[in-house]
Amino acid sequence: MDQDADPAIAATLRQIGPRLRRLRERKDMSLADLSQATGISKSTLSRLESEQRKPSLELLLPIAAALAVPLDEIVAAPRVRDPRVHQHAGRVDGRTFVPLSRHRTEPRAFKITIPANQHSPSLATHTGHEWLYVLSGRLRLLLGEHDVVLAPGEAAEFDCQNPHWFGSTGAGDVEVLSLFDKQGERLHLRARTRPKDA
């Protein structure tokens, strides 16, 4: 992994220099004293403390030994955040919304459960784009002049400024994943046009 690409690792590396200086001063050692004890040049130690030199195990192990401190006192590993998204389901107009993304920035991801009785269309418009992926059941989507039914594994993407509605076909509950992005991120449309006589 590229250390510069991980903010937690980069932050940890930035703390090593100041930590080394504090530990050395707490032991009442000069750079010259530490240089003599480790065999590392004064200039290298100075650059390490001022973050002008990247730390390595070859440098840090003898320094930890000379300062008589455990290595983890010099290098505090970055804390790994709990990766689970704690889901708090909410109900809006009879539909259950479970947020699947931790952050409130766009796009937001939800699992939506639509009950079978929600099959009466009521078209709406608003800003943004929506992407839907059907997990189970059959989803009816009205979008402008299109009337489509999506089966499990199918997806649809649309501009929400077009009149639209989605819900159950009336045959049962529907579970969908929804990504909504007000900034207009577009994803591919994979819907099937419903025959007029269906």
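## Phe158 and its contacts

Contact here means heavy atoms within 4.5 Å. With that in hand, let's look around this predicted model, starting at Phe158. Setting aside neighbours within four places in sequence, Phe158 is in contact with Gly128, His129, Glu130, Leu132, Leu141, Leu143, His164 and Phe166.

## Two nonpolar cores

Phe158 also turns up in the largest nonpolar core, which has 17 residues. Together with Leu139, Leu141, Leu150, Phe166 and Val176, Phe158 is among those that touch the most other members. Which elements give two or more residues to this core? They are β3 (108-114), β4 (129-136), β5, β6, β7 (155-159) and β9 (174-181).

There is a second core too, separate from that one, with 15 residues. Its members include Ile16, Leu23, Leu59 and Ala64.

## A three-stranded sheet

Back to the strands: β6, β5 and β8 form an open sheet, in the order β6-β5-β8 and with antiparallel pairing. Strands β6 (146-150) and β8 (164-168) each have a single partner strand and stand at the edges, so one side of each has no neighbour in the sheet. From one strand to the next, the twist averages 15°.

Take a look at the pairing of β5, residues 139-143, with β8: the two run in the antiparallel sense and share five bridges. One pair to pick out is Leu141 and its bridge partner in β8, Phe166. Both residues were met above, as contacts of Phe158 and as members of the largest nonpolar core.

## Where α3 meets α4

Now for the helices. Two packed helices are described by the angle between their axes and the distance between the axes. For α3 (residues 42-49) and α4 (residues 57-67), the axes come within 12 Å and cross at roughly 100°. Angles of 65 to 115 degrees count as roughly perpendicular, so α3 is roughly perpendicular to α4.

Which residues of α3 meet α4? Thr44, Leu45 and Leu48 do, and on the α4 side they meet Leu59, Leu60 and Ile63. Sorted by class, this contact has five nonpolar residues, one polar residue and no charged ones. Leu59 is also listed in the second core.

## Pro18 in helix α1

One more stop is Pro18, which is found in helix α1 (residues 7-26). Is Pro18 buried or partly exposed? With a relative accessible area of 26%, Pro18 is partly exposed.

Leaving aside neighbours within four places in sequence, Pro18 is in contact with Glu49 and Glu51. Pro18 and Leu48 are 30 residues apart along the chain, and 9.0 Å separates their C-alpha atoms. Leu48 is one of the α3 residues that meet α4.

Terms used:
Residues are numbered from 1 along each chain as its sequence is written. This is a predicted model: local features need pLDDT of at least 70, side-chain atom pairs count only at pLDDT 80 or more; totals for chains, interfaces and linings use all residues. Side-chain values use heavy atoms; hydrogens and water are left out. Two strands pair if DSSP finds at least two bridges between them. Helices (H or I, at least four residues) and strands (E, at least two) are DSSP runs, numbered from the N terminus. Axes are lines fitted to C-alpha atoms, for helices over the stretch in contact, and angles run from 0 to 180 degrees between N-to-C directions. A nonpolar core is a set of buried Ala, Val, Leu, Ile, Met, Phe, Trp, Tyr and Cys residues joined through side-chain atoms within 4.5 Å. Buried means under 20% relative accessible area, exposed over 50%, partly exposed in between (1.4 Å probe, protein chains only). Angles under 35 degrees count as roughly parallel, over 145 as roughly antiparallel, 65 to 115 as roughly perpendicular and the rest as oblique. Ala, Val, Leu, Ile, Met, Phe, Trp, Tyr, Cys and Pro count as nonpolar, Asp, Glu, Lys and Arg as charged, and the others, Gly among them, as polar.
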